[in-house]
Amino acid sequence: MDLNSDLGEGFGAWTLGDDDALLDIVSSANVACGFHAGDPSIMRRVCGRAVERCVAIGAQVGYRDLAGFGRRAIAVDPAELTDEVLYQLGALDALAGVEGGRVSYLKPHGALYNTIVTDEAQAAAVVDAVRRYDAAMPVLGLPGSAFLRLAAEAGLTTVAEAFADRAYTVDGHLVPRRIPGSVLHDADLIADRCVRMVTTGTVASIEGTPVPVPARSICVHGDTPGAVAIARRVRERLVKAGVTVRRFTGPD
(Lines give C-alpha, C1' and ligand atoms only; values in the text may rest on other atoms or scores of the structure.)
Protein backbone atom coordinates (compact mmCIF):
# COMPACT_ATOMS: atom_id res chain seq x y z
CA MET A 1 0.00 0.00 0.00
CA ASP A 2 1.22 3.47 -0.88
CA LEU A 3 1.09 6.23 1.75
CA ASN A 4 0.87 9.77 0.35
CA SER A 5 0.77 13.26 1.82
CA ASP A 6 0.28 16.81 0.56
CA LEU A 7 3.60 18.63 0.92
CA GLY A 8 5.24 21.92 -0.05
CA GLU A 9 2.19 23.89 1.00
CA GLY A 10 3.98 26.90 2.46
CA PHE A 11 4.45 30.14 0.57
CA GLY A 12 7.35 32.56 0.89
CA ALA A 13 7.97 33.26 4.57
CA TRP A 14 4.95 31.18 5.64
CA THR A 15 5.35 27.49 6.43
CA LEU A 16 2.65 24.85 6.70
CA GLY A 17 3.28 21.34 7.96
CA ASP A 18 6.57 19.52 8.48
CA ASP A 19 7.68 18.41 5.02
CA ASP A 20 10.99 16.89 6.15
CA ALA A 21 9.42 14.76 8.87
CA LEU A 22 6.63 13.52 6.58
CA LEU A 23 9.12 12.64 3.84
CA ASP A 24 10.67 10.17 6.28
CA ILE A 25 7.29 8.42 6.64
CA VAL A 26 5.36 8.53 3.36
CA SER A 27 6.16 6.80 0.08
CA SER A 28 4.63 9.45 -2.22
CA ALA A 29 4.65 13.26 -1.96
CA ASN A 30 1.89 15.35 -3.53
CA VAL A 31 3.81 18.58 -4.07
CA ALA A 32 1.87 21.86 -4.34
CA CYS A 33 2.58 23.49 -7.70
CA GLY A 34 2.21 27.18 -6.86
CA PHE A 35 -1.49 27.74 -7.57
CA HIS A 36 -3.08 26.85 -4.22
CA ALA A 37 0.22 26.93 -2.28
CA GLY A 38 3.94 26.56 -2.79
CA ASP A 39 6.51 28.66 -4.59
CA PRO A 40 9.51 27.76 -6.78
CA SER A 41 11.97 27.54 -3.88
CA ILE A 42 9.68 25.37 -1.76
CA MET A 43 8.82 23.18 -4.74
CA ARG A 44 12.48 22.60 -5.59
CA ARG A 45 13.46 21.92 -1.98
CA VAL A 46 10.71 19.37 -1.41
CA CYS A 47 11.52 17.64 -4.70
CA GLY A 48 15.20 17.43 -3.78
CA ARG A 49 14.48 15.92 -0.40
CA ALA A 50 11.97 13.50 -1.91
CA VAL A 51 14.64 12.30 -4.34
CA GLU A 52 17.07 11.76 -1.44
CA ARG A 53 14.52 9.55 0.31
CA CYS A 54 13.30 7.73 -2.84
CA VAL A 55 9.82 9.16 -2.31
CA ALA A 56 7.71 9.47 -5.46
CA ILE A 57 6.98 13.04 -6.58
CA GLY A 58 3.42 13.85 -7.61
CA ALA A 59 2.05 17.12 -8.98
CA GLN A 60 -0.71 18.36 -6.73
CA VAL A 61 -2.54 20.66 -9.10
CA GLY A 62 -5.35 22.98 -8.08
CA TYR A 63 -7.35 26.06 -8.86
CA ARG A 64 -5.54 29.41 -9.05
CA ASP A 65 -6.53 30.30 -5.48
CA LEU A 66 -3.70 31.15 -3.08
CA ALA A 67 -5.99 33.17 -0.80
CA GLY A 68 -8.43 30.29 -0.42
CA PHE A 69 -5.80 27.53 -0.34
CA GLY A 70 -7.49 25.99 -3.36
CA ARG A 71 -10.51 24.99 -1.31
CA ARG A 72 -13.00 27.25 -3.11
CA ALA A 73 -14.72 25.84 -6.19
CA ILE A 74 -14.15 27.94 -9.32
CA ALA A 75 -16.24 27.74 -12.50
CA VAL A 76 -13.16 27.91 -14.71
CA ASP A 77 -13.50 27.32 -18.46
CA PRO A 78 -12.39 23.74 -19.21
CA ALA A 79 -9.91 24.82 -21.90
CA GLU A 80 -8.34 27.27 -19.45
CA LEU A 81 -8.23 24.58 -16.77
CA THR A 82 -6.33 22.27 -19.11
CA ASP A 83 -3.73 24.98 -19.70
CA GLU A 84 -3.42 25.73 -16.00
CA VAL A 85 -2.88 22.06 -15.17
CA LEU A 86 -0.24 21.84 -17.90
CA TYR A 87 1.45 24.94 -16.46
CA GLN A 88 1.61 23.43 -12.99
CA LEU A 89 2.81 20.07 -14.26
CA GLY A 90 5.58 21.62 -16.32
CA ALA A 91 6.77 23.89 -13.51
CA LEU A 92 7.06 21.10 -10.96
CA ASP A 93 8.62 18.69 -13.44
CA ALA A 94 11.33 21.23 -14.30
CA LEU A 95 12.20 21.80 -10.65
CA ALA A 96 12.13 18.07 -9.91
CA GLY A 97 14.39 17.47 -12.92
CA VAL A 98 17.20 19.70 -11.69
CA GLU A 99 17.13 17.74 -8.43
CA GLY A 100 17.50 14.44 -10.25
CA GLY A 101 13.85 13.46 -10.09
CA ARG A 102 10.67 13.76 -12.11
CA VAL A 103 6.95 14.09 -11.64
CA SER A 104 5.66 10.53 -11.70
CA TYR A 105 1.93 11.06 -11.10
CA LEU A 106 -0.75 13.74 -10.75
CA LYS A 107 -3.25 14.33 -7.96
CA PRO A 108 -5.77 17.20 -7.96
CA HIS A 109 -6.06 19.28 -4.79
CA GLY A 110 -8.91 20.51 -2.63
CA ALA A 111 -11.92 21.96 -4.40
CA LEU A 112 -10.69 20.77 -7.79
CA TYR A 113 -10.37 17.22 -6.45
CA ASN A 114 -13.92 17.29 -5.12
CA THR A 115 -15.40 19.08 -8.15
CA ILE A 116 -14.15 16.50 -10.64
CA VAL A 117 -15.73 13.69 -8.70
CA THR A 118 -18.94 14.67 -10.49
CA ASP A 119 -18.18 17.53 -12.92
CA GLU A 120 -17.57 15.83 -16.26
CA ALA A 121 -16.30 18.92 -18.10
CA GLN A 122 -13.67 19.84 -15.55
CA ALA A 123 -12.69 16.21 -15.06
CA ALA A 124 -12.18 15.86 -18.81
CA ALA A 125 -10.07 19.04 -18.82
CA VAL A 126 -7.66 17.63 -16.22
CA VAL A 127 -7.51 14.30 -18.07
CA ASP A 128 -6.73 16.13 -21.31
CA ALA A 129 -3.83 17.97 -19.67
CA VAL A 130 -2.25 14.75 -18.39
CA ARG A 131 -2.78 12.96 -21.70
CA ARG A 132 -1.10 15.78 -23.60
CA TYR A 133 1.78 16.12 -21.16
CA ASP A 134 2.57 12.43 -20.60
CA ALA A 135 0.04 9.74 -21.44
CA ALA A 136 2.03 7.27 -19.32
CA MET A 137 1.59 9.37 -16.15
CA PRO A 138 -0.75 7.81 -13.54
CA VAL A 139 -3.46 9.88 -11.89
CA LEU A 140 -4.58 9.61 -8.28
CA GLY A 141 -8.22 10.18 -7.40
CA LEU A 142 -11.38 9.13 -5.58
CA PRO A 143 -12.83 5.69 -6.41
CA GLY A 144 -15.97 5.98 -8.52
CA SER A 145 -15.22 9.56 -9.59
CA ALA A 146 -15.84 10.96 -13.05
CA PHE A 147 -12.16 11.86 -13.10
CA LEU A 148 -10.89 8.29 -12.75
CA ARG A 149 -13.52 6.96 -15.16
CA LEU A 150 -12.63 9.47 -17.88
CA ALA A 151 -8.92 8.97 -17.25
CA ALA A 152 -9.30 5.21 -17.74
CA GLU A 153 -11.32 5.78 -20.91
CA ALA A 154 -8.48 7.99 -22.20
CA GLY A 155 -5.97 5.21 -21.60
CA LEU A 156 -4.37 6.69 -18.48
CA THR A 157 -3.33 4.58 -15.50
CA THR A 158 -5.67 5.28 -12.60
CA VAL A 159 -4.86 4.85 -8.91
CA ALA A 160 -7.72 4.97 -6.41
CA GLU A 161 -7.00 6.48 -3.02
CA ALA A 162 -8.56 6.57 0.41
CA PHE A 163 -8.23 9.26 3.08
CA ALA A 164 -6.89 8.43 6.51
CA ASP A 165 -8.07 11.58 8.25
CA ARG A 166 -11.29 12.51 6.42
CA ALA A 167 -14.84 11.36 7.08
CA TYR A 168 -16.87 9.73 4.31
CA THR A 169 -20.49 10.11 3.25
CA VAL A 170 -22.61 7.03 2.65
CA ASP A 171 -22.03 7.37 -1.11
CA GLY A 172 -18.25 7.28 -0.75
CA HIS A 173 -17.58 11.02 -1.12
CA LEU A 174 -15.65 13.13 1.38
CA VAL A 175 -17.71 14.96 3.99
CA PRO A 176 -17.37 18.72 3.28
CA ARG A 177 -14.93 20.44 5.63
CA ARG A 178 -17.60 22.87 6.83
CA ILE A 179 -19.42 19.99 8.56
CA PRO A 180 -18.28 19.09 12.11
CA GLY A 181 -16.45 15.77 12.22
CA SER A 182 -15.26 15.97 8.61
CA VAL A 183 -11.60 15.93 9.67
CA LEU A 184 -10.34 13.29 12.10
CA HIS A 185 -7.57 13.92 14.65
CA ASP A 186 -7.25 10.83 16.88
CA ALA A 187 -4.10 9.06 15.66
CA ASP A 188 -5.10 5.64 17.03
CA LEU A 189 -8.59 5.84 15.54
CA ILE A 190 -7.16 6.92 12.19
CA ALA A 191 -4.57 4.13 12.20
CA ASP A 192 -7.23 1.53 13.03
CA ARG A 193 -9.47 2.66 10.17
CA CYS A 194 -6.51 2.57 7.76
CA VAL A 195 -5.83 -1.06 8.66
CA ARG A 196 -9.52 -1.75 8.03
CA MET A 197 -9.34 0.00 4.66
CA VAL A 198 -6.44 -2.17 3.58
CA THR A 199 -7.59 -5.50 5.01
CA THR A 200 -11.34 -5.29 4.26
CA GLY A 201 -11.57 -2.63 1.53
CA THR A 202 -14.15 -0.70 3.54
CA VAL A 203 -14.42 2.25 5.91
CA ALA A 204 -17.23 3.39 8.17
CA SER A 205 -19.16 6.40 6.86
CA ILE A 206 -19.93 9.36 9.12
CA GLU A 207 -23.26 7.62 9.78
CA GLY A 208 -21.55 4.34 10.67
CA THR A 209 -22.42 2.29 7.58
CA PRO A 210 -19.62 0.52 5.67
CA VAL A 211 -18.40 2.20 2.48
CA PRO A 212 -16.24 0.43 -0.15
CA VAL A 213 -12.77 2.00 -0.57
CA PRO A 214 -10.84 -0.06 -3.16
CA ALA A 215 -7.68 1.98 -2.72
CA ARG A 216 -4.03 1.52 -3.71
CA SER A 217 -2.91 4.62 -1.81
CA ILE A 218 -3.86 6.25 1.50
CA CYS A 219 -3.58 10.02 2.02
CA VAL A 220 -2.64 11.71 5.28
CA HIS A 221 -3.07 15.47 4.92
CA GLY A 222 0.12 17.36 5.70
CA ASP A 223 -1.76 20.41 7.01
CA THR A 224 -3.84 18.50 9.56
CA PRO A 225 -2.74 19.33 13.13
CA GLY A 226 -0.58 16.47 14.37
CA ALA A 227 -0.02 15.20 10.82
CA VAL A 228 3.43 13.77 11.53
CA ALA A 229 2.26 11.76 14.55
CA ILE A 230 -0.79 10.58 12.61
CA ALA A 231 1.25 9.49 9.58
CA ARG A 232 3.80 7.73 11.78
CA ARG A 233 1.08 5.86 13.66
CA VAL A 234 -0.65 4.87 10.42
CA ARG A 235 2.58 3.48 8.97
CA GLU A 236 3.46 1.63 12.18
CA ARG A 237 0.02 0.05 12.40
CA LEU A 238 0.00 -0.97 8.74
CA VAL A 239 3.42 -2.59 9.03
CA LYS A 240 2.33 -4.39 12.22
CA ALA A 241 -0.66 -5.73 10.27
CA GLY A 242 1.71 -7.17 7.66
CA VAL A 243 1.24 -4.47 5.05
CA THR A 244 4.24 -3.33 3.01
CA VAL A 245 4.29 0.43 2.55
CA ARG A 246 5.75 1.35 -0.85
CA ARG A 247 5.21 3.81 -3.67
CA PHE A 248 2.80 2.79 -6.43
CA THR A 249 5.03 4.23 -9.16
CA GLY A 250 8.75 3.91 -9.80
CA PRO A 251 11.22 1.65 -8.01
CA ASP A 252 10.25 -0.19 -4.81
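**Exercise 1. Find what the buried side of helix α6 packs against in this predicted model.**

Step 1: Locate α6, which spans residues 146–153. Step 2: Pick out its buried residues, which are Ala-146, Phe-147, Leu-148, Leu-150 and Ala-151. Step 3: Look for their partners. These buried residues pack against the strands β4 (103–108), β5 (139–141) and β6 (158–163), and also against helix α5. Step 4: Continue past the end of the helix, where Gly-155 follows with a positive phi near 90°.

**Exercise 2. Work out how α3 and α5 are oriented to each other.**

Step 1: Take α3 as residues 78–98 and α5 as residues 120–133. Step 2: Read off the geometry: the angle is about 40° and the axes lie 8 Å apart. Step 3: Angles from 35 to 65 degrees fall in the oblique class, so α3 and α5 are oblique to each other. Step 4: Add the handedness; α3 passes α5 in a right-handed crossing. Step 5: Look at who meets whom. Among the α3 residues in the contact are Leu-81, Val-85 and Leu-89, while the α5 side includes Ala-125, Val-126 and Tyr-133. By type, the contact has 10 nonpolar, three polar and two charged residues.

**Exercise 3. Explore the largest nonpolar core and name its best-connected residues.**

Step 1: Start with the core's size, 76 residues. Step 2: Find those with the most contacts inside this core: Leu-92, Leu-106 and Phe-147. Step 3: Zoom in on Leu-92. Beyond its neighbours within four places in sequence, Leu-92 touches residues including Val-31, Met-43, Ile-57 and Val-103. Step 4: Now look apart from this core, where another one of five residues lies, among them Ala-56, Tyr-105, Leu-140 and Val-159.

Definitions and conventions:
Residues are numbered from 1 along each chain as its sequence is written. This is a predicted model: local features need pLDDT of at least 70, side-chain atom pairs count only at pLDDT 80 or more; totals for chains, interfaces and linings use all residues. Side-chain values use heavy atoms; hydrogens and water are left out. A nonpolar core is a set of buried Ala, Val, Leu, Ile, Met, Phe, Trp, Tyr and Cys residues joined through side-chain atoms within 4.5 Å. Buried means under 20% relative accessible area, exposed over 50%, partly exposed in between (1.4 Å probe, protein chains only). Contact means heavy atoms within 4.5 Å. Axes are lines fitted to C-alpha atoms, for helices over the stretch in contact, and angles run from 0 to 180 degrees between N-to-C directions. Helices (H or I, at least four residues) and strands (E, at least two) are DSSP runs, numbered from the N terminus. Angles under 35 degrees count as roughly parallel, over 145 as roughly antiparallel, 65 to 115 as roughly perpendicular and the rest as oblique. A crossing is left-handed if the near helix is turned anticlockwise from the far one by less than a right angle, and right-handed if clockwise. Ala, Val, Leu, Ile, Met, Phe, Trp, Tyr, Cys and Pro count as nonpolar, Asp, Glu, Lys and Arg as charged, and the others, Gly among them, as polar.
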